[in-house]
Every structure is written in C-alpha cells, then in structure tokens.
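I opened the structure to look up its pockets. The notes are kept in the order I made them.

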Amino acid sequence: MEPNLAIQAVARPKTPIYQRFTAALQSDPRCSQEVALGRRIGLYRFCGDIGRGNFSRVKLAVHQLTKDKVAIKVVDTSRLDAKALRMLSREVTTLESVFHPFILRLFEVIETLGKIHLISEWVQGGELYNRIAEEGPLEEYHAAVIFHQLLLAVKHLHNLGYVHRDIKAENVLMVSDDRVKLADFGFSTQLINGPWQHLDTFCGSPPYAAPELFSDDHYIGGPVDIWALGVLVYFMLHAKMPFKASTVPLLRTAVLRGEFEISSTLSLPCCRVIP
C-alpha cells in the first residue's frame with residue numbers, strides 16, 4: 001500500500017520561521033550589499049543616528065523579523081586602549097548579569113572585524129537631563145516616582161554585587177513621563193570581595209562625586225552610588241546642581257564643605273531626603 005503522502009506532509013516538522021528568515025537574508029544580494037555598506041548588522045537594519053561618542057556611535061535600528069526598534073552602540077575597538085577595552089568588557093558583563101524593569105536591557109552583542117555592536121532596547125523619551133533642562137524642575141510627586149524606580153534599580157545592582165559609579169541625569173532614560181531606565185554602565189564594576197571592597201579608580205561625573213572621591217585614595221562603591229542619587233534628586237527638584245564651580249578644584253572644595261541651598265517651596269519630608 002502506498003504511504004499517505006498528505007499525512008506525511010503534515011507530520012514532517014516545519015522549519016522554524018527564524019531559520020527560514022535568516023537563510024533568506026543570507027541569500028539576498030541586497031542584504032549582503034547593506035552589510036558591506038554598514039547599513040545592517042545581523043537581523044538589524046540601521047535607520048538613523050541617535051548619538052555619538054569619542055569611539056562609538058549609537059544608531060537606531062529595526063529588527064527585520066519582529067519589526068521592533070532597538071538602539072545599537074557601535075564601538076570602534078581598533079581605537080580603544082587597554083583601559084577602554086576593560087571598561088567595555090565590564091559594561092557588557094554587568095548588563096548581561098542584571099535584568100530589572102528599571103535598568104536598560106541588553107539584548108545581544110555582535111562582534112565584527114574592528115567593531116563591537118551592543119544591541120539594547122530603544123528608549124524613545126531621551127535623557128532625564130534634557131527633560132529637566134528644557135521644561136524645568138519636576139514636581140515632588142513626579143520626582144518621587146522616578147527616584148523610587150532608580151532606588152529599586154540601584155538596590156538590585158548592589159544586591160548582585162555590582163556598582164554603577166556614573167549615576168547622573170544624562171544616564172537616566174525616559175520611557176514615559178513616569179517611567180525611567182538606568183543606563184550607561186561603562187564605569188560599573190563587580191565587587192568580587194564583597195560590598196565593602198575598596199575601590200581606587202576615580203570615575204563618573206565630578207558634580208555627582210561623593211566627598212571620599214575627592215579626599216581619599218580609596219572608597220566604597222555602594223555609598224558613592226547613593227550619594228550620586230542624592231545629587232540627582234536635588235537636580236530633579238531644582239533644575240540645577242547643589243555644588244557648582246568653574247573648576248574641579250573649586251568643585252572639590254564645595255563638595256567637601258557640603259554646603260548647598262534647598263528651595264523653601266519643598267515639603268519637609270522632601271527636604272529630609274536630600275541631605
């Protein structure tokens with residue numbers, strides 16, 4: 001008896017759509033041309049520039065299968081020295097180890113000749129810094145919502161044995177008016193010897209730097225992040241920094257003195273949080 005070909009066709013496992021799509025791209029000459037021209041990497045097709053750094057560019061891209069938008073940080077590794085390569089490695093290690101609703105998510109890393117591509121979620125709202133610079137300070141209730149999210153993100157990092165070391169308004173991305181993501185983990189590091197491990201690398205933004213970064217030859221990572229959060233909440237409520245100076249030495253003096261003014265319009269509970 002002849003086998004039932006219809007039944008055989010139904011029983012035969014289908015090739016997953018991902019594999020079919022990938023094979024189609026590999027055989028498509030237009031795709032190969034886009035890769036050669038730097039308009040595509042893997043399943044992602046570039047569609048615009050978001051930002052630029054000294055050795056990197058951030059591009060907006062679209063996943064060709066899901067049609068989701070992503071941000072791709074393209075790093076020119078040929079121009080990085082040993083220190084910068086270590087920072088890049090730490091950033092990838094940290095983002096691959098943490099998963100939290102208020103931390104920017106890294107989807108994958110693609111390495112090509114002379115370049116590394118960090119594919120992460122795209123946050124349309126831009127930086128918290130730009131939001132405040134353009135529209136002024138936040139209302140207390142609004143700042144409280146954002147501050148709470150950042151506290152949860154930093155607590156998650158610290159519980160996993162990581163510190164950020166570069167918390168600032170420029171590294172907080174606005175998903176919406178009341179939802180944010182902590183980003184840019186280039187200065188992050190893992191505390192191999194526990195939360196009280198001494199660190200000795202001065203990094204981050206000086207206006208957000210804790211006093212011990214200016215006065216000691218070592219510091220504890222966790223408290224440095226907490227200090228930066230305090231400076232950040234001040235900035236959210238005042239649209240200016242608590243310590244201002246024209247030079248880093250003058251800024252150091254201002255931070256070590258610890259003198260700053262709090263707006264008289266803020267509530268007492270809010271004033272108690274800032275110091």
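The entries below cover the two pockets I looked up in this model, which is predicted.

Entry 1, largest pocket. I looked up its volume first: the largest pocket holds about 1200 Å³ of space. I then listed its lining, which comes to 40 residues. Nearest the centre of this pocket I noted Ser 56, Val 58, Lys 73, Glu 91 and Asp 184.

Entry 2, elements around the largest pocket. Which elements give two or more residues to its lining? I found the strands β2 (44-52), β3 (56-63), β4 (69-76) and β6 (115-121), together with the helix α4 (82-97). The biggest contribution to this lining is from α4, which gives five residues.

Entry 3, classes in the largest pocket. I sorted the lining by class and got 20 nonpolar, ten polar and ten charged residues.

Entry 4, second largest pocket. I put its space down as about 260 Å³. Its lining is made of 15 residues, and those nearest the centre are Trp 227, Gly 230, Val 231, Ile 274 and Pro 275.

Entry 5, elements around the second largest pocket. Two or more lining residues come from each of α6 (140-159) and α8 (221-238). Of the elements here, α8 gives the most, with six residues.

Entry 6, classes in the second largest pocket. How many charged residues are in this lining? I found no charged residues there; the lining has 13 nonpolar and two polar residues. For the largest pocket I had written down ten charged residues.

Conventions: Residues numbered from 1 in each chain as written. Predicted model: local features only at pLDDT ≥ 70, side-chain atom pairs only at ≥ 80, totals over all residues. Heavy atoms only, no water. 1 Å grid on protein atoms, 1.4 Å probe; cavity = no way out; pocket = protein on both sides within 12 Å on 5 of 7 lines; lining within 4 Å. Points joined across faces, edges and corners; volume = space filled by probe spheres on them. Helix = DSSP H or I, 4+ residues; strand = E, 2+ residues; numbered from the N terminus. Nonpolar A, V, L, I, M, F, W, Y, C, P; charged D, E, K, R; others polar.
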